[in-house]
Structures are given as structure tokens and as C-alpha cells.
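Reader: I am new to this structure and would like a close look at a single part of it. Please begin with the overall layout, so that I can find my way to that part.

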Amino acid sequence: KISVSLLSLPENRVNMSVRLKILVIGQEESGKTYVSNFLADDTESVGSYRPTKGVRILEIKNQTCHHPSSGSMSVDVELWDCSGSRQYESCWPAMWKDAHGAMIVIGAEKSDMKMWRGQCDRHGLKESQLFLVVNSRKSGQIGRAV
């Protein structure tokens with residue numbers, strides 16, 4: 001596993017390229033696909049609710065990060081939009097393999113947050129590798145919870 005921090009890159013690492021695998025996880029119908037589509041700028045998939053079957057991978061290519069002393073770095077991100085259905089639980093270990101982080105998406109009721117956080121712990125992800133998104137369906141807005 002690699003952990004990328006622009007502040008800790010050696011000064012001689014100019015034009016470095018990195019690929020990150022980020023899992024988007026959470027309970028069924030929490031808005032994982034909506035958040036993934038928004039982040040990947042995928043407007044073609046917008047429409048009525050359709051449950052994700054297994055996993056869906058979206059790619060965000062060639063995002064450039066700059067740091068004054070480390071130069072630039074090209075980052076490709078794979079967002080793994082994972083089904084929250086227990087029907088696919090047997091597939092989860094394969095999804096976790098080589099993940100660099102996870103985004104936990106929960107509905108405003110926060111019903112399964114502890115279970116998903118436990119999954120992150122079991123697969124060795126640290127708190128600094130996690131991001132929590134609370135999706136409020138009533139307003140249709142997505143917000144970040146700390």
C-alpha cells in the first residue's frame with residue numbers, strides 16, 4: 001500500500017504519477033452512486049434509482065497536484081462504487097484488496113455507520129484514509145460530516 005502526502009514527497013520527485021483506489025461504501029440506497037457520479041463528473045448515469053450490482057468502477061484521470069518544493073504529481077483515481085447489499089458480501093474481500101482509502105456514504109439516519117467503519121478497521125485502513133459523507137435525501141444536497 002502507498003500513502004501519498006504532497007508534504008512528504010522528496011524534493012527531487014518531479015512529475016511523479018500515482019494511481020489511487022478509493023472504495024465508496026455504505027448501506028443500500030445511501031447515495032453512493034450519486035456521490036461517485038458527482039465526483040467523476042459522470043452525468044450520463046443520472047436518473048432513477050437502480051441498485052449497484054457488485055461493484056462499478058469510475059476513473060478520474062490525470063488530476064495534477066502541485067507542491068512548491070516537490071514539483072507536480074499526476075494522480076489517477078479509481079472510485080469503486082460498491083454495492084451495500086449483503087447479497088454481495090462474499091465479494092467484499094476482493095474489493096478491499098489494495099485499497100488506499102474509503103469514502104463511507106450514509107443517509108441522514110446514520111444507521112450502519114459503525115458496521116462500515118468496522119469493515120475499514122478490519123481491512124487495515126486508518127482514520128486518515130477515511131472520508132465520511134452524509135447524504136440528505138430530503139434536500140438533495142450532499143454534505144461532509146467531520
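Reader: How many helices and strands does the protein have? After that, please look closely at Arg 56: with which residue does Arg 56 form a salt bridge?

Author: The protein has 3 helices and 6 strands. Helices are DSSP runs of H or I with at least four residues, strands are runs of E with at least two, and both are numbered from the N terminus. Along the sequence, the pattern reads β-α-β-β-α-β-α-β-β.

The model is predicted, so local features need pLDDT of at least 70 and side-chain atom pairs count only at pLDDT 80 or more, while totals for chains, interfaces and linings use all residues. Residues are numbered from 1 along each chain as its sequence is written, and side-chain values use heavy atoms, with hydrogens and water left out.

Here pLDDT is the predictor's confidence in each residue, on a scale from 0 to 100. Its mean over the protein is 77, and 74% of the residues reach 70 or more. Among the elements, strand β4 (residues 101-107) has the highest mean pLDDT, 90, and strand β6 (residues 141-144) the lowest, 46. Two stretches stay under 50: residues 1-10 and residues 139-146. Counting contacts (heavy atoms within 4.5 Å) beyond four places in sequence, the model has 19 for residues 1-10 and 14 for residues 139-146. Over the protein, residues 24 or more positions apart account for 67% of the contacts with a separation of 6 or more.

Now to the part you asked about. Arg 56 forms a salt bridge with Asp 81, and the closest N and O atoms are 2.9 Å apart. This pair links distant parts of the chain, since Arg 56 is in strand β2 (residues 55-67) and Asp 81 is in strand β3, 25 residues apart. A salt bridge is counted when a side-chain nitrogen of Lys or Arg is within 4 Å of a carboxyl oxygen of Asp or Glu. In general, side chains of opposite charge can pair when their charged atoms come close.

The two partners differ in cover. Asp 81 has a relative accessible area of 0% and is therefore buried, whereas Arg 56, at 22%, is partly exposed. Buried means under 20% relative accessible area, exposed means over 50%, and partly exposed lies in between, with a 1.4 Å probe and protein chains only. By the same terms, buried residues make up 41% of the 146 residues in the protein.

Beside Asp 81 in sequence comes Cys 82, which is buried as well, with a relative accessible area of 3%. The search of the whole structure finds 0 disulfides, a disulfide being a pair of cysteine sulfur atoms within 2.5 Å. Cys 82 is thus in none, and the nearest cysteine sulfur, that of Cys 91, is 10.0 Å away. From the side of Cys 91, the closest cysteine sulfur is in Cys 82, and no bond forms because 10.0 Å is too far. Cys 91 counts as partly exposed because its relative accessibility is 35%.

Next in sequence is Ser 83, placed in the loop between β3 (71-82) and α2 (92-96). Ser 83 counts as buried because its relative accessibility is 4%. Its side chain reaches the backbone oxygen of Thr 52 at 3.2 Å. Leaving aside residues up to four places away in sequence, Ser 83 touches Lys 32, Thr 52, Gly 54, Tyr 88 and Trp 92.

The pair of Arg 56 and Asp 81 can be set beside other salt bridges, of which the count comes to 8. Lys 61 and Glu 59 meet in one at 3.1 Å, N to O. Lys 61 is partly exposed, with a relative accessible area of 43%, and Glu 59 counts as partly exposed at 42%. Glu 59 and Lys 61 also belong, with Arg 19 and Glu 78, to a network of salt bridges.

Another pair is Glu 127 and Arg 117, whose side chains meet at 3.9 Å, N to O. Glu 127 is in the loop between α3 and β5 (130-136) and Arg 117 in helix α3, 10 residues apart, so the pair links distant parts of the chain. Glu 127 is exposed at 59%, while Arg 117 counts as partly exposed at 29%. The buried residues of helix α3 (residues 113-122) are Trp 116, Gly 118, Gln 119 and Cys 120.

How values were computed: A polar contact is a pair of N or O atoms within 3.5 Å; within protein, one must be able to donate a hydrogen and the other to accept it, and residues adjacent in sequence count only if both atoms are side-chain atoms.
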